[in-house]
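Here is a walk through one protein chain. Keep the structure in view and follow along, from the whole chain down to single residues.

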Amino acid sequence: MARNKGPKIGLGKVLLRVFGFFFVSTLCGVLITGFLAPVVAFTSTTVGGSVGFYQSLPSELNVDSPSLSSTVVSADGQLIATFYAENRVKVPLDEMSPFIREAIIAIEDNRFYDHAGVDAQGIMRALSSNLTQGTRQGASTLTQQYVTNVLNESRLSEGRPEDVVLSGQKTVGDKLREVKLALELEKRFSKDQILEGYLNIVFFNRNAYGIEAASRYFFSTSAMDLTLPQAALLAGLVNGPSIYDPIVDPKAALNRRNLVLNRMLEQGKITAVDHGVAVATPVELNITPSLQGCAGTSFATYFCDYVSHLILNDETYGSTVEERERFLYRGGLTITTTLDSRLQNAAQQQVDASAGPNPDKWGAAMTTVQPGTGKILAMAQNTVFVPEDGKYDTQLNFNVDSKDENGYDLNGAGGFQPGSTMKPFIYAEWLNEGKNPTAVVDASRRVYPVGFQWRSSCGRVLGGYSTAQKAQNLGADDDLQNNDDGYYRSMPINYGLYNSINTATFATAAQLDFCGIQKMVDTVGLHSGLDNAPVNMHQIGNLLGSIGVAPVVLASAYATFANDGTYCKPIAVTGISDAQGRKFQAQTPECREAVKPAVARGVNAVLQDVLKMGSGVYINPKVQSQAPVAAKTGTSNNNGATWVAGYTTSLATASFFGDTSAGQQRAGQNITINGKFYKSLDGYMIAGPQWANYMMTATSLYPSGPFVAPAPPPAPTVPVTPQPTRR
């Protein structure tokens, strides 16, 4: 730390001058004047007693960095959002315009480099002016003002705004403490360091704390590039930010600016020519509104909201919510995320296009995760965070769970019924139990009554499909239905999967241990989007995806197949550091072996056929020409939730389109979307093109290799003719 090179006045002399001023002020009855009105309490004390009181005051001032703005950035360095309690960006003195340094000294403390923190001459001058001219001139030096700002900033950072002390509220104790701290401060720091600290902490406007934020807000420039008239205007503001606000009262601001310029001329800091040009310059503002938090950004808004919740929910960053809020809003953090701005922009373009004008408020959402790391590379939805005319607005994030695994709020919609995107996990358990991938199952069966003899080594299977039992209120639904007639027959199990035949899925499950199905679903991270509870696969409706799952969760589960069976928990934050370079714990990949590689390869082979000749055959085939891709369509029973979840070896994306209103009961039938009528929505219709068009861009940025081929299966025992379906 550099030492002060300014003048050093002995403590005795300073005390004599200061307390001499107190004594004279008291005797003269001018205690109502600006600088030390509260000293009326000293009328019954002696200067010696005051010195004793002074000596008992603390002399150490903890000059921590003031509250600084935190930024959230993408992995490729794009600004996502700024969080702050006070919009402030710290800059060193040598990165500030010389004009602002000279202007602030000229108007606030022209003897700054001549005193030792307390200016006895200034005090006597202020007293004389107040006595003879009836003014209320103060005498606090920049060092004293800096002390006051540091103390108040400390109170705010500690969550004690009620303890903030303004100039007109200072008691004798406050003023004496300020004097002592100012003197001690000048022993510890150089004048330039004090000036730098002052200019970085001082209040200019409720949208701008410190000179850099003020420069950006009022003039859309940096502190380094401030012109003379701009610097003079900002220097004039600190004495009365509301009085001299150029937005509220341009005339008052202009007069104050010119007063600063006059002082600079009188003190020889600028030439007469410079003064004349500056005074003749009109006040020309270029306001750049400060964008606070996720609501203030149009880029990756909902991903931003997710990241903020991750920080505020994590006790690593504070044991209480208040501590974590101070960490985020006052810590001056740089939070580096996993987001790829190129993928994010491409995803946003697709979800916005899916529903078009969208007067009926249908929701579209997509999340991409990276196999092998779990990094969330894109997270988009077709809504706005802040209400706008003609826009579908919501603050709920369609892509994430309602709560995290510890029960903290994530501001998520809580997931949507995944429909047939659950079927690959039943097939995965079939392979896991060593069964033939092309074995023939009886898909003609439509009745599975309550009490059907399912296999389960760990629990009881609940529910049933039987119209007769439904009529008797026995807890059953109607007979099991396929989307198209003609598939109630025997068929190879892989054929049943890539054509998404419900009855084939149930025929498959009937030969499996439901505990194995449960373990398969759990190991790839699937869970309810509402409460983070496991998806109960012993409730047979969940074989067809009746419990809501969030897109980020589904994408991560499918990424397991892309990653040869290794599951990685989704992560969004890769780095957190503050202005001093201190690093804080961030998220790191958490991966585990979840599915046998041979099982994952078998699933990959069938899901590639979904796009070639199965339920996804009508999705844009061009996506298959860019890279090997695998996918599965999904549709809820009432067509209100539709999906395509698909992946390459490099990317896994869950694409959703459907009802996102409260309760999610709206049927996707006989509706018009984006000018097109749909008798019933299906995964391949809107969610499919949304996914395919996006993946064509994504795969060009993240090249992918071929999937590892599984061992060749035996030939099917029953000949079949492939027939594309639309479910």
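Start with a pair of helices. The crossing of helix 3 and helix 9 is right-handed. Helix 3 covers residues 98-108, and helix 9 covers residues 228-237. Their axes lie 8 Å apart and meet at an angle of about 40°. Because of that angle, helix 3 counts as oblique to helix 9. Helix 3 brings Phe99, Ile100, Ala103, Ile104 and Ile107 to the contact. Helix 9 answers with Leu228, Ala231, Ala232, Leu234 and Ala235. Sorted by class, the contact of helix 3 with helix 9 holds ten nonpolar residues, with no polar and no charged ones.

Now step back to the whole chain. The model is predicted. The chain has 727 residues, and 54% of them count as buried. It contains 23 helices and 18 strands. Take the contacts in the chain with a separation of 6 or more: 71% of them join residues 24 or more positions apart.

Next comes a sheet. Strands of a sheet pair through backbone hydrogen bonds, either parallel or antiparallel. Here, five strands form an open sheet, and the pairing is mixed. Their order is 2-1-5-11-12. Which strands stand at the edges? They are strand 2 (79-83) and strand 12 (583-584). Each has a single partner strand, so one side of each is left without a neighbour in the sheet.

Look inside the sheet at strand 1 (residues 70-73) and strand 5 (residues 334-337). These two strands run parallel, and three bridges join them. One residue pair can be picked out: valine 72 has isoleucine 335 of strand 5 as its bridge partner.

A helix lies over this sheet. Helix 12 (residues 301-313) lies across strand 1, strand 2, strand 5 and strand 11 (573-577). Helix 12 runs at about 45° to strand 2.

Move on to helix 18, residues 502-509. Is helix 18 mostly covered or mostly exposed? Helix 18 is mostly covered, with eight of its eight residues buried. Those residues are Asn502, Thr503, Ala504, Thr505, Phe506, Ala507, Thr508 and Ala509. What do they pack against? Three helices are found there: helix 15 (423-432), helix 17 (493-498) and helix 19 (514-523). Strand 8 (440-442) and strand 9 (490-492) are there too.

Loops deserve a look as well. Serine 402 sits in the loop between strand 7 (376-381) and helix 15. Why does serine 402 count as buried? Its relative accessible area is 17%, and buried means under 20%. Beyond its neighbours within four places in sequence, serine 402 is in contact with Tyr408, Asp409, Leu410, Asn411, Gly412 and Gly414. Gly529 and Leu530 are also in contact with serine 402.

Two further loop residues stand out by their backbone angles. Asparagine 532 is in the loop between helix 19 and helix 20 (551-562). Asparagine 532 is not a glycine, yet its phi is positive, at about 70°. Aspartate 564 is in the loop between helix 20 and strand 10 (566-568). Phi of aspartate 564 is near 60°, again a positive value in a residue other than glycine. Aspartate 564 counts as partly exposed because its relative accessibility is 27%.

Conventions: Residues are numbered from 1 along each chain as its sequence is written. This is a predicted model: local features need pLDDT of at least 70, side-chain atom pairs count only at pLDDT 80 or more; totals for chains, interfaces and linings use all residues. Side-chain values use heavy atoms; hydrogens and water are left out. Axes are lines fitted to C-alpha atoms, for helices over the stretch in contact, and angles run from 0 to 180 degrees between N-to-C directions. Helices (H or I, at least four residues) and strands (E, at least two) are DSSP runs, numbered from the N terminus. Angles under 35 degrees count as roughly parallel, over 145 as roughly antiparallel, 65 to 115 as roughly perpendicular and the rest as oblique. A crossing is left-handed if the near helix is turned anticlockwise from the far one by less than a right angle, and right-handed if clockwise. Contact means heavy atoms within 4.5 Å. Ala, Val, Leu, Ile, Met, Phe, Trp, Tyr, Cys and Pro count as nonpolar, Asp, Glu, Lys and Arg as charged, and the others, Gly among them, as polar. Buried means under 20% relative accessible area, exposed over 50%, partly exposed in between (1.4 Å probe, protein chains only). Two strands pair if DSSP finds at least two bridges between them.
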